[in-house]
Amino acid sequence: MKILFAAVMLLTGTSASTAQSLFDELIVEGETMQLPSDAERGMVVLPGMTLPTDTTIDVTDRLYSSTFYMPLVFDSYDMFLKEKAGDPLTEPFPDADTPTSFFDRLVKSNYRQRYFMQRFMCEHPDIVRYNMATMPRPPKKFVMHLDPATAKLTVEEFQEAPLDTMKNIVPDMKREHINWLHTFDGSLQFSQAYISPNWYQGGNSNLNIIGSALYNIKLNPKFNPNIIFETSVGYKLGVNNAPDDSIHKYNISEDLFQVNSKFGYKAAQRWYYSINVLFKTQLLNNYKKNSDEMIAAFLSPGELNVGVGMTYSYENPRKTVQFNASLAPLSYNLKTCTNPNLNPEAFGIDPGKTSKSEIGSSVELTFKWQLTYNITYFTRLFAFTNYEYLQGDWEHTIDFSINRFMSARVYAHLRYDSQAPEVADTSWRRFMFKEVLSIGFAYKFNGI
């Protein structure tokens with residue numbers, strides 16, 4: 001018995017070492033035993049034991065509570081306690097980095113302590129001092145009532161309120177039918193650099209500001225499992241000062257207004273018949289550097305895509321991974337250039353026209369991964385082809401949440417257009433690339 005508790009004390013170390021044991025000595029049967037410092041991997045054989053004990057096991061925050069050392073009281077036997085406790089040698093303890101780690105670890109530790117005590121009492125019933133069923137009952141309580149009319153005292157036994165009466169204290173909660181889920185995500189991020197005029201390497205001071213807002217509304221899948229109906233409206237604007245531009249005081253590095261809408265009806269498990277709508281344009285005019293030549297404006301270019309096909313939707317049980325794939329064998333694509341100061345041919349529109357309609361196929365893939373509680377990765381791939389040319393966008397966004405109102409973001413956008421004209425003095429043509437690293441304020445909310 002003493003050796004057993006000595007082994008328990010051995011497993012309650014507070015730090016681990018792979019080079020030597022956690023302890024230099026151990027008290028067993030009232031005698032001090034020196035542990036060899038060169039024990040192989042910290043394995044030693046204690047007196048009265050035939051199997052070696054690992055003295056390097058780190059069981060931080062898994063110590064037994066003070067009730068573990070009190071006299072044993074048998075209350076009940078739980079035949080399922082072994083499965084609840086798990087095998088500590090093969091089943092890992094709940095991860096300490098998850099948001100619910102404190103409660104998960106506390107519950108698992110409680111199950112393991114109860115299972116150890118239950119098994120110990122069953123194997124050594126002779127040392128179980130008390131049994132809950134045979135323990136004496138607490139003394140009764142009495143109350144006195146005075147009747148003013150008769151001037152008599154009445155003594156009655158005090159009755160504890162039955163457990164059933166507690167059900168009437170809290171009214172029944174009615175589950176509201178929440179059909180629509182709302183989400184808003186807004187951020188204002190920036191980068192800034194100041195360079196003195198006499199800096200030995202030269203350069204210009206600059207200030208870059210990127211603002212974004214995204215509003216999403218979707219039908220609650222809990223109450224409508226056979227229907228997908230989701231719409232998101234987003235706007236992103238990036239502005240930077242232009243010290244090298246003799247005409248403009250600032251340049252627009254990002255200007256995108258985009259609406260995505262999806263409607264689907266369940267066809268099979270995770271598969272839906274679907275209609276996808278995409279519309280995007282920019283809202284402000286944009287010009288070339290050191291020139292009044294306009295390169296983009298509102299609805300110039302503008303793009304509308306409507307696809308009919310199937311959508312595959314998956315979300316893992318922990319809701320940390322979301323994947324959607326929309327395949328549209330039949331897709332309609334419309335390009336516009338309504339500003340008379342712009343050349344429609346630069347956007348793939350025939351000369352003399354302000355719009356171009358095409359029939360083809362499209363695909364959209366989205367993947368969202370909550371890597372940790374404060375890091376999120378999102379990627380979106382969209383491609384359309386009329387079987388003569390191909391255009392596609394592949395976006396990557398990594399959000400680092402510093403605290404409730406601060407965040408950092410890495411954004412990369414790769415675009416391919418098989419009809420894109422060649423840019424003079426560069427090797428860029430069909431492939432286009434944009435990358436932004438920013439830090440600043442962020443705000444999110446989820447509503448009903």
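Helices (H or I, at least four residues) and strands (E, at least two) are DSSP runs that are numbered from the N terminus. The model treated here is a predicted one, in which local features need pLDDT of at least 70 and side-chain atom pairs count only at pLDDT 80 or more, while totals for chains, interfaces and linings use all residues. Residues are numbered from 1 along each chain as its sequence is written, and side-chain values use heavy atoms, with hydrogens and water left out.

**Exercise 1. Loops and backbone**

Task: Place Pro301 among the strands, and state the form of the peptide bond from Ser300 to Pro301.

Solution. Begin with the position: Pro301 belongs to the loop between E15 and E16, that is, between strand E15 (294-296) and strand E16 (302-315). Next, look at the bond from Ser300 to Pro301, which is cis, with omega near 5 degrees.

Task: Determine where Arg270 and Lys319 are placed, and give phi for Arg270 and for Lys319.

Solution. Take Arg270 to start with: this residue sits in the loop between E12 and E13, and its phi is near 70 degrees, a positive value in a residue other than glycine. With a relative accessibility of 35%, Arg270 is partly exposed, where buried means under 20% relative accessible area, exposed over 50%, and partly exposed in between (1.4 Å probe, protein chains only). Then turn to Lys319, placed in the loop between E16 and strand E17 (321-336), whose phi, near 60 degrees, is likewise positive in a residue other than glycine.

**Exercise 2. The second largest pocket**

Task: Describe the volume of the second largest pocket, the residues that lie nearest its centre and the strand that gives the most to its lining.

Solution. Rolling a probe the size of a water molecule over the atoms shows where empty space is left. On a 1 Å grid over the protein atoms alone, a pocket is an open set of points where a 1.4 Å probe fits, with protein on both sides within 12 Å along at least five of seven lines, and lining residues have an atom within 4 Å of a point. The volume, which is the space filled by probe spheres set on the points, is about 1,900 Å³ for the second largest pocket.

Now consider the lining of this pocket, which consists of 46 residues, with Ile295, Pro301, Phe347, Arg415 and Met432 nearest the centre. The strands that each supply at least two lining residues include E13 (271-281), E20 (390-401) and E22 (431-447), but E12 gives the most, with seven residues. Finally, the lining residues divide into 18 nonpolar, eleven polar and 17 charged, with Ala, Val, Leu, Ile, Met, Phe, Trp, Tyr, Cys and Pro counted as nonpolar, Asp, Glu, Lys and Arg as charged, and the others, Gly among them, as polar.

**Exercise 3. Aromatic rings**

Task: Classify the aromatic pair that Trp180 and Phe229 form, and explain which parts of the chain the pair ties together.

Solution. Rings of Phe, Tyr and Trp (its six-membered ring) pair if their centres lie within 6.5 Å, and planes under 30 degrees apart count as stacked, over 60 as edge-to-face and the rest as tilted. The structure holds seven such pairs. For Trp180 and Phe229, the centres are 5.8 Å apart with 70 degrees between the planes, which makes the pair edge-to-face. Because Trp180 lies in strand E9 (residues 180-193) and Phe229 in strand E11 (residues 227-241), this pair ties together parts that are 49 residues apart in sequence. Both partners are partly exposed, Trp180 with a relative accessible area of 35% and Phe229 at 34%. Ring pairs also bring in Phe263, which is linked with Trp180 and Phe229 into a cluster.

**Exercise 4. Contacts of Tyr411 and Asn260**

Task: Identify the residue that lies over the face of Tyr411 and the residue whose side chain is joined to that of Tyr411 by a polar contact.

Solution. Lys236 lies over the ring face of Tyr411, at 3.7 Å from the ring centre; the criterion is that NZ of Lys or CZ of Arg is within 6 Å of the ring centre and within 35 degrees of the ring normal. The side chain of Tyr411 also makes a polar contact of 3.0 Å with that of Glu395, a polar contact being a pair of N or O atoms within 3.5 Å, of which, within protein, one must be able to donate a hydrogen and the other to accept it. Glu395 is placed in strand E20 and is buried, at 14% relative accessibility.

Task: State whether Asn260 is buried or exposed, and name the side chain joined to that of Asn260.

Solution. Asn260, in strand E12, is buried at 17% relative accessibility, and a polar contact of 2.9 Å joins its side chain to that of Gln258.
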